Amino acid sequence: MGTYLRYAALGDSATVGLGDPVPTGWRGWARLLAEALGQTYDISFCNTAVIGATSTVVVEQQLADAVAHRPDVASLIVGVNDVMRSGWDTERLRNDLMTCADALAGQGALLMTARFHDHSVMWPMPGWMKRSIQRRTADLNGIWDEVHATYGGLRLDLGAVSDLHERRFWAADRLHPSELGHRRMARAFGEQLVTYGLTFEPPSLEPAGGLPTTWRQDLAWMAGEGVPWMGRRARDLGPWVVRRAWARPSGEPSRESVA
C-alpha cells in the first residue's frame, strides 16, 4: 500500500464508538485506529456504522457507501444485534455477511472481522435466554469462520482474550467497550496491520481525550437505559422461544435450548 490509505468501517454501535465518549460525541476503536494510521498515512476514513444495526441494515444502508469509498482496508463487525432479536435467521445472516465480504474484498479491501465472545456471561439472565444467546453466538461465529476462510484478511477472536470480562474493559451496560476496551480492540487490530505490512504505531492503551464517567452516571444509565434494554430483549425473545418449543415435536430437543 502507498502513502494514501482508504479505510471503511461497517457495523453497529461498537464501531460507532458507544462506551467511549469524547466532547464531540462518540469515538471508539475504529476512529482510534484511523487516527493512528493517520500519523503515517494520508488517511481517508469512512465510518458507515449505525447504532442498533443488524446484518441486513449493513447490507441495505452501509455497504454501498463503504464500497463507493474504494477502501484499502475495511472492518466488518456486526451480528450481536441479530443474536439478541426474535427475527433470528441463520441463512439470512450468512447471506448478508457473505454479500458484504464479497463486495468489499471484490473492491480489493483487506477485511478485518471478529469472532464474538459469549455476551450472556456479562449479564444475569434467565437460563433459557442464556442458552439461546450461546447457541446463536456459536452459529454466528461459524458464519464468521466461513467468511474468513473464503475471503481471508485479519480478525480478532474476542472469546480468546483472557481478561475480556474484567470490569475495566466495559462500559456500564456491559455490552459496549469502555475507552480502555475500545483502545484494546484498536491496538489489537493495529498490531495485526503492522504484521501485515503497514508501517505505523498502533493505538496506545493509555486513556487520552475521553470523558470519564462517574459511578452516579453509570448507575443513572443502567436505570434509564440498561435494565429497560434487557427487559425489551426478554420480551422480544420470550415469545419466539415459546413458539419454537410449541412447534417442536414431543421429545425432540431444540438447538436453541442446548448450551
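Leaving aside its neighbours within four places in sequence, which residues is Pro 203 in contact with? The points below, written about a predicted model, begin with the overall picture and come back to Pro 203 once the helices around it have been introduced.

1. Overall make-up. The model is a predicted one, and the protein in it has eight helices and seven strands. Of its 259 residues, 47% are buried. Among contacts with a separation of 6 or more, 79% are between residues that stand 24 or more positions apart.

2. The nonpolar core. The largest nonpolar core contains 55 residues, and the ones with the most contacts inside it are Tyr 7, Trp 29, Leu 33 and Met 112. Helix H2, which covers residues 28–37, supplies the largest share of this core, namely seven residues. When looking at the structure, a reader may find it helpful to start from Met 112, whose partners, not counting residues up to four places away in sequence, include Tyr 7, Trp 29 and Leu 33 as well as Val 73, Ala 74, Leu 76 and Ile 77. Met 112 also touches Leu 154, Phe 189 and Leu 193, again not counting residues up to four places away.

3. Thr 113. This residue is found in strand S6, which spans residues 110–115. Is Thr 113 buried or exposed? Its relative accessible area is 2%, and because buried means under 20%, Thr 113 counts as buried. Setting aside residues up to four places away in sequence, Thr 113 touches Leu 76, Ile 77, Trp 144, Leu 154, Arg 155, Leu 156 and Phe 189.

4. Helices H2 and H7. Two packed helices are described by the angle between their axes and the distance between the axes. The axes of H2 and helix H7 (residues 179–196) come within 8 Å and cross at roughly 45 degrees, and that angle makes H2 oblique to H7. The crossing of these two helices, H2 and H7, is right-handed. On the H2 side the residues that meet H7 are Gly 28, Trp 29, Leu 32 and Leu 33, while on the H7 side they are His 182, Arg 183, Met 185, Ala 186, Phe 189, Gly 190 and Leu 193. Sorted by class, the contact of H2 with H7 has seven nonpolar, three polar and one charged residues.

5. Ala 186. This residue lies in helix H7 and is buried, with a relative accessible area of 0%. The C-alpha atoms of Ala 186 and Leu 32 are separated by 6.3 Å, although the two residues are 154 residues apart along the chain. Not counting residues up to four places away in sequence, Ala 186 touches Trp 29, Leu 32, Leu 33 and Pro 203.

6. Pro 203. The opening question can now be taken up: leaving aside neighbours within four places in sequence, Pro 203 is in contact with Leu 32, Leu 33, Ala 36, Ala 186 and Arg 187. Pro 203 is found in the loop between H7 and helix H8 (215–247), and at 5% relative accessibility it counts as buried. The C-alpha atoms of Pro 203 and Ala 186 are 6.2 Å from each other, with their positions 17 residues apart along the chain.

7. Helices H3 and H5. Helix H3 (residues 55–68) and helix H5 (residues 90–106) pack at an angle of about 5 degrees, with their axes 10 Å apart. H3 and H5 are therefore roughly parallel to each other. Among the residues making this contact are Val 58, Val 59 and Leu 63 of H3, together with Leu 93, Leu 97 and Leu 104 of H5. By class, the contact of H3 with H5 has 10 nonpolar, three polar and two charged residues.

8. Ser 55. This residue is found in helix H3, and it is buried, with a relative accessible area of 1%. Not counting residues up to four places away in sequence, Ser 55 touches Val 78, Asp 82, Leu 93, Asp 96 and Leu 97.

9. Arg 70. What is the phi of Arg 70? It is positive, at about 55 degrees, although Arg 70 is not a glycine. Arg 70 has its place in the loop between H3 and strand S5 (73–77), and at 47% relative accessibility it counts as partly exposed.

Terms used. Residues numbered from 1 in each chain as written. Predicted model: local features only at pLDDT ≥ 70, side-chain atom pairs only at ≥ 80, totals over all residues. Heavy atoms only, no water. Core = buried A, V, L, I, M, F, W, Y, C linked by side-chain atoms within 4.5 Å. Buried < 20%, exposed > 50% of the residue type's maximum accessible area, 1.4 Å probe, protein only. Helix = DSSP H or I, 4+ residues; strand = E, 2+ residues; numbered from the N terminus. Contact = heavy atoms within 4.5 Å. Axes fitted to C-alpha atoms, helices over the stretch in contact; angles between N-to-C directions. Parallel < 35°, antiparallel > 145°, perpendicular 65-115°, else oblique. Left-handed = near helix turned anticlockwise from the far one by under 90°. Nonpolar A, V, L, I, M, F, W, Y, C, P; charged D, E, K, R; others polar.
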